[in-house]
Amino acid sequence: AAVGKLLKALPGLKDSLVIVTADHGEAFNDHDNMIHGRDLFGETMRVPLLIQWPGYQHSGSLVAEPVGLIDLYPTICAFAGAAPPDYLEGVDVRPLMRGEKLTPPRPLFAETKRTDASWWVAVVGGGYKWMKDMSRDQEFLYRYGPDPLEKVNLIDQGKRMAARLGE
């Protein structure tokens, strides 16, 4: 509601592409962490992504498929009718707004390294999220949708899936 009020107050909104997002979430002692950037659990990785393009038929769509901030540039290019540079790794996410799938499906990657004692990598794909605390050589595997708080570590049951995501 607050974002809607803000958008209505902006001059020139009817001719503007508006994107609201964040570079990271916040940890409030979830997974024994009070500082963002120390790990890659969902509370610090998942951020909102709101896109409004006046007159775009699919504005306001709710998308469950994970996307990354790496996808913003190609999506902005597509809304503007411009071709994104070839070196970009992100993709235009407008098909998701239309209820379509991204083809081919692709994994998303994340990494954070504050110090040698705090280095994590993660891959999200195929309905799973695999993470590794590189500093402690500890792995985690979660179902992406059914376990949004990442409480049930499936690493022992899902070694094959973890190995595939970790490749």
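User: Which helix has the lowest mean pLDDT among the elements of the protein, and which has the highest?
Analyst: This is a predicted model. Helix α5, residues 159-166, has the lowest mean pLDDT, at 68. Helix α3 has the highest, at 94. pLDDT is the predictor's confidence on a scale from 0 to 100. For the protein, the mean is 85, and 92% of residues reach 70 or more.

User: What is the order of elements from the N terminus on?
Analyst: The elements run α-β-α-β-α-α-β-β-β-β-α. That gives five helices and six strands.

User: Which residues of α3 are buried?
Analyst: Leu72, Pro74, Thr75, Cys77, Ala78 and Phe79 are buried in α3. Each therefore has a relative accessible area under 20%.

User: What do the buried residues of α3 pack against?
Analyst: They pack against β1 (18-21), β2 and α4 (94-97). Packing here rests on contact, with heavy atoms within 4.5 Å. Just after α3 comes Gly81, with a positive phi near 80°.

User: Why is Ala64 called exposed?
Analyst: Ala64 has a relative accessible area of 75%. Exposed means over 50%. The value passes that cut-off, so Ala64 is exposed. Ala64 sits in the loop between β2 (49-52) and α3 (72-80). Its C-alpha atom is 10.0 Å from that of Gly99, a residue 35 places away along the chain.

User: What makes the phi of Asp137 worth a note?
Analyst: The phi of Asp137 is positive, near 55°, and Asp137 is not a glycine. Most residues other than glycine have a negative phi. Asp137 lies in the loop between β5 (128-133) and β6.

User: Is Asp137 buried or exposed, and how do you know?
Analyst: Exposed. Its relative accessible area is 57%, and the cut-off for exposed is over 50%.

User: How do you know whether Glu150 is buried or exposed?
Analyst: Glu150 has a relative accessible area of 3%. Buried means under 20%, so Glu150 is buried. Glu150 also has a positive phi, near 50°. Its place is the loop between β6 and α5.

User: What makes the peptide bond between Thr103 and Pro104 cis or trans?
Analyst: Omega is about -5° there, and the bond is cis. Most peptide bonds are trans. Pro104 is in the loop between α4 and β3 (108-115).

User: Which residues make up the largest nonpolar core?
Analyst: There are eight: Leu40, Phe41, Ala110, Trp120, Ala122, Met131, Phe140 and Tyr142. Strands β4 (118-125) and β6 (138-143) each supply at least two of them.

User: Why is it called a nonpolar core?
Analyst: Such a core is a set of buried residues of nonpolar kinds, among them Ala, Leu and Phe, joined through side-chain atoms within 4.5 Å. The eight residues meet that test, so the name applies.

User: What does Leu40 touch, apart from residues up to four places away in sequence?
Analyst: Among its contacts are the core residues Ala110, Trp120, Ala122 and Met131. Leu40 also touches Met45, Glu111, Thr112, Val121 and Lys129.

User: How many of the residues in the protein are buried, as a percentage?
Analyst: Buried residues make up 35% of the 167.

User: What part of the accessible surface belongs to carbon and sulfur atoms?
Analyst: The accessible surface comes to about 10,800 Å², and 56% of it belongs to those atoms.

Note on methods
Residues numbered from 1 in each chain as written. Heavy atoms only, no water. Helix = DSSP H or I, 4+ residues; strand = E, 2+ residues; numbered from the N terminus. Buried < 20%, exposed > 50% of the residue type's maximum accessible area, 1.4 Å probe, protein only. Areas by Shrake-Rupley, 256 points an atom, 1.4 Å probe, with all protein chains shown as cover.
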